[in-house]
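Here are my notes on the model you sent over. I've kept them as numbered points, so you can follow along with the structure open.

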Amino acid sequence: MTTELRVLRPSEWNEWFECLELAFGGDPEAPEQRELEQELTECERSIGIWDGDDVVATAGAFSFRVAVPGGALVPAAGVTMVSVASTHRRRGLLTSMMRRQLDDVRALGEPIAVLTASEPAIYGRFGYGAATRQMSLAIDTDRVRLSVPEGTDGIRLRYARKDEAVAACESVYARLVAGRPGTPAHGPGWERKPLVDPVSTRQGGSALQCLLAERDGELVGYTNYHIKPEWERSGPKGRIVVSDLAALDPAAYAALWRFLFGIDLTSTVEARNRPVDDAVLHLVSDVRRCDIRQRDSLHVRLVDVGAALEARAYRGPLDVVFEVEDAFCPWNAGRWRLTADAKGGASCKRTEDPADLALSVRELGSAYLGGEALSSLALAGRVRELREGAVAEASAAFLSDVAPWLPRGF
């Protein structure tokens, strides 16, 4: 087999994207989705493998900045659209694309790469570690009540047309980015993606409903949701499926949830992607009737260990030497001294000093956004303590005050 790995030409996008669609089940995207995907694709950052005239593998990257602990926005490659045709599996095509992609990311000076994995087991061997989790809820609103904070009644709620909602939702989202590690800051065009709503993806639900929350005429939050009508012999049992909800203060946040709980002819509110420390857990009367589940979400790969660890803040003073294993990106392998001061400033440099902790770059990726504790990874045997007390010191410094979260996929 003779194959060619190269950068995608804009004129080849349709064939390239069809390869991706086939690998993920063969159903073509709706025209509205497909048009936006093509617009957002950075062809210069997209690669493929050709077998003759046929595209048999794809991979791409978006140019993002991702929030890290301390509020900095770090340049990152948003790895996406990765596929290998079923006819060409187990031939090393994925490995060759990952190799090319990480070399390119390093050349661009981006300290980290991030992705969401269709199958988490695939990407660990390339140094990606699961760094955020998402929580899903299915709340029984017939039995669960909300306790809302003072000021909730002062929030005005109103429906918005899609063209108005795009700008409104993005303005709230942009104000929240730096406060939640794992949140991407997007470029132009991305504000439209959460509101793309083809009939084929509604699964029997209504068109997307867009609701804005205002206080004294100022926008303070929004939610987007579908209504899925369901009926039993005894009456209505409809479901509200929340695709997005964000607010700038507790009163606006509670007002949006209270509205969703009170929609006529429904008895369940589903939210499939919420942070694991979502405040709604403290508003509900019975958390057991919220059917809480968790799964992995954003996976992080440190492409430049020194630059990545210097870019984030830490919860307190720290002086630790890591022995890093990184077979796939050997420029990261070896010992790194990470020091942080009481204000969160950090330095991470090469050193010959004895190591305090030994771990792979995958574990550093998992811990990077402050959601996965190094102490937990140590209990699993994935971090080795070489100096007594080093795990506790590093774990406490790495943790984030708020759980990292990826609010929107890419």
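The points below cover the cysteines, the first helix, one glutamate, a pocket and the cavities.

1. First, a reminder: this is a predicted model. Everything that follows is computed from it, so please read the points with that in mind.

2. Let's start with the cysteines. How many disulfides does a search of the whole structure find? The count comes back as 0. Take cysteine 210, which is in no disulfide: the nearest cysteine sulfur belongs to cysteine 169 and sits 6.0 Å away. Because a pair has to be within 2.5 Å to count as a disulfide, that separation of 6.0 Å leaves cysteine 210 unpaired.

3. Are cysteines 210 and 290 buried or exposed? Cysteine 210 is buried, at 5% relative accessible area. Cysteine 290 is buried as well, with a relative accessibility of 1%. The cut-off for calling a residue buried is under 20%.

4. Now helix H1, which runs over residues 13-23. Which of its residues are buried? They are Trp13, Trp16, Phe17, Cys19, Leu20 and Glu21. The cover over these buried residues includes helix H2 (31-40), along with three strands: S2 (47-51), S3 (54-67) and S4 (73-84). Just after H1, have a look at glycine 25, where phi is positive, at about 120°.

5. Glutamate 37 deserves a look of its own. This residue lies in helix H2, and because its relative accessible area is 14%, it counts as buried. What is glutamate 37 in contact with, leaving aside neighbours within four places in sequence? The list is Trp13, Phe17, Met81 and Lys193. Two of those names will be familiar from the previous point, since Trp13 and Phe17 are among the buried residues of H1.

6. On to the second largest pocket, with a volume of about 550 Å³. Its lining has 26 residues, and those nearest the centre are Leu176, Arg180, Ala247, Tyr253 and Arg274. Helix H4 (162-176), strand S14 (238-247) and helix H5 (250-261) each put at least two residues into that lining. S14 gives the most, with 4 residues. Sorted by class, the lining of this pocket comes out as 17 nonpolar, 3 polar and 6 charged residues.

7. What about enclosed space? Searching the whole structure turns up 2 cavities of 30 Å³ or more. The largest cavity has a volume of about 40 Å³. Its lining is made up of Val242, Ser243, Asp244, Leu245, Ala271, Arg272, Asn273, Arg274, Trp405 and Pro407. S14 and strand S15 (266-274) each supply at least two of these residues, and the class split is 5 nonpolar, 2 polar and 3 charged. Notice that Arg274 lines this cavity and is also one of the residues nearest the centre of the second largest pocket.

8. Last, the second largest cavity, which holds about 30 Å³ of space. Which residues line it? They are Val166, Cys169, Glu170, Glu191, Pro194, Leu195, Asn224 and Arg408. H4 makes the largest share of this lining, with 3 residues. By class, the lining divides into 4 nonpolar, 1 polar and 3 charged residues. Cysteine 169 turns up here too, having already appeared as the cysteine whose sulfur is nearest to that of cysteine 210.

Notes: Residues are numbered from 1 along each chain as its sequence is written. This is a predicted model: local features need pLDDT of at least 70, side-chain atom pairs count only at pLDDT 80 or more; totals for chains, interfaces and linings use all residues. Side-chain values use heavy atoms; hydrogens and water are left out. Buried means under 20% relative accessible area, exposed over 50%, partly exposed in between (1.4 Å probe, protein chains only). Contact means heavy atoms within 4.5 Å. On a 1 Å grid over the protein atoms alone, a cavity is a set of points where a 1.4 Å probe fits but cannot get out, and a pocket is an open set with protein on both sides within 12 Å along at least five of seven lines; lining residues have an atom within 4 Å of a point. Grid points are joined across faces, edges and corners, and a volume is the space filled by probe spheres set on the points. Ala, Val, Leu, Ile, Met, Phe, Trp, Tyr, Cys and Pro count as nonpolar, Asp, Glu, Lys and Arg as charged, and the others, Gly among them, as polar.
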